[in-house]
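Here is a short briefing to read with the structure open beside you. It starts with the whole chain and then moves to a few spots that reward a closer look.

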Amino acid sequence: MRKRNLAALMVGAALVVGACGASGSPKPSVITSVGAGEGELVVLSWPSYVEQGKTDPKVDWMTEWETATGCKTTVETFGTSDAAFAKWTADPTRYDVISASGDAGPRLVRGGHVQPVNTDLVPSYADIFPGLKEKSWNTFGGVHYGVPHGRGANLLMWRTADVKPAPTKWAQIFDPAGPHAGKYSVYDAPIYIADA
């Protein structure tokens with residue numbers, strides 16, 4: 001449990017904290033204080049969210065963090081929210097924190113796979129852009145299950161030589177009577193519904 005508390009406070013990303021107790025059943029509760037660290041942390045993350053120089057040797061901010069905190073960090077990455085959910089739920093005691101996107105967070109909470117985060121114990125929480133706080137993908141009934149850190153862009157791209165007129169907004173490609181109807185491809189993932 002102390003490892004999970006340390007993770008919730010120290011990893012500055014959109015992380016959801018694990019909640020499985022010794023019996024394997026979820027026991028959601030909001031922590032009220034930070035205990036002593038256990039010296040290690042296992043993070044399930046999008047590539048480059050917790051960078052240790054593996055993606056680019058020139059980008060390694062985790063080594064400095066590990067040195068400063070004395071906490072050895074193991075990072076395992078995933079490529080889709082579905083893959084993250086599958087990894088987390090297949091071995092609920094392996095990971096301490098997860099960088100969960102908006103479509104995975106609610107599934108993790110509804111399934112009882114994570115515990116609440118006491119944002120009062122996160123010193124930098126007050127500095128987070130207000131428009132990112134208390135969103136439906138990480139806050140349920142006023143209870144926080146994650147700490148937001150930013151937004152990701154889902155890009156609309158096209159071949160300029162082939163697509164005329166050029167779309168100026170997402171809504172145009174979903175218009176069944178528009179010039180782009182039937183001429184676009186989408187990836188097979190629940191998060192794409194948010195784009196639509």
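In this chain of 196 residues, 38% are buried. Please keep in mind that the model is predicted. Its secondary structure amounts to 5 helices and 7 strands, and the order along the sequence is α-β-β-α-β-α-β-α-β-β-β-α.

**The chain as a whole**

- Take the contacts between residues at least 6 apart in sequence: 61% of them link residues that are at least 24 apart.
- The chain has an accessible surface of about 11200 Å², and carbon and sulfur atoms account for 55% of that surface.

**Strand β2 and its partners**

- Strand β2 spans residues 40–45, and it is mostly covered, with 5 of its 6 residues buried.
- One partner of β2 is strand β3 (residues 72–77); the two run parallel and share 6 bridges. If you want a place to look for this pairing, S45 has T77 of β3 as its bridge partner.
- Between β2 and β3 the chain passes through helix α2 (residues 62–69), and this β-α-β crossover is right-handed.
- Strand β4 (residues 97–99) also pairs with β2 in the parallel sense, over 2 bridges. Here L44 is bridged to I98 in β4.

**V42, a residue within β2**

- V42 belongs to strand β2. Its relative accessibility is 11%, so V42 counts as buried, the cut-off for buried being under 20%.
- Which residues does V42 touch, once those up to four places away in sequence are set aside? They are T74, R94, Y95, D96 and V97.
- V42 and T93 lie 51 residues apart in sequence, while their C-alpha atoms are 10.0 Å apart in space.

**Helix α2, the crossover helix**

- Helix α2 has three names to note on its buried side: M62, W65 and E66. They sit on the same side of α2 because they cover an arc of only 100 degrees around the axis.
- The face turned away from that buried side carries E64, T67 and A68, which are exposed.
- Just after α2 comes G70, whose phi is positive at about 75 degrees.

**Helix α3 and S81**

- In helix α3, the buried residues are S81, A84 and W88. Their arc around the axis is only 60 degrees, so they fall on the same side of α3.
- S81 is part of helix α3, which covers residues 81–90. Is S81 buried or exposed? With a relative accessibility of 6%, S81 counts as buried.
- What does the side chain of S81 make a polar contact with? Its partner is the side chain of D103, at 2.8 Å.
- Leaving out neighbours within four places in sequence, S81 is in contact with W46, S101, D103, A104 and R107. D103 is therefore worth picking out when you view S81, because this buried residue has D103 in its contact list and as its side-chain polar partner.

**Quick places to click**

- For the parallel pairing of β2 with β3, go to S45 and T77; for its pairing with β4, go to L44 and I98.
- For the two sides of α2, show M62, W65 and E66 as the buried set, then E64, T67 and A68 as the exposed set.
- For the buried side of α3, show S81, A84 and W88, and add D103 to see the 2.8 Å polar contact with S81.

Methods: Residues numbered from 1 in each chain as written. Predicted model: local features only at pLDDT ≥ 70, side-chain atom pairs only at ≥ 80, totals over all residues. Heavy atoms only, no water. Helix = DSSP H or I, 4+ residues; strand = E, 2+ residues; numbered from the N terminus. Buried < 20%, exposed > 50% of the residue type's maximum accessible area, 1.4 Å probe, protein only. Contact = heavy atoms within 4.5 Å. Areas by Shrake-Rupley, 256 points an atom, 1.4 Å probe, with all protein chains shown as cover. Polar contact = N/O pair within 3.5 Å; in protein donor to acceptor, adjacent residues only side chain to side chain. Arc of directions from axis to C-beta. Pairing = 2+ DSSP bridges. Right-handed = clockwise from strand over helix to strand, strands pointing away.
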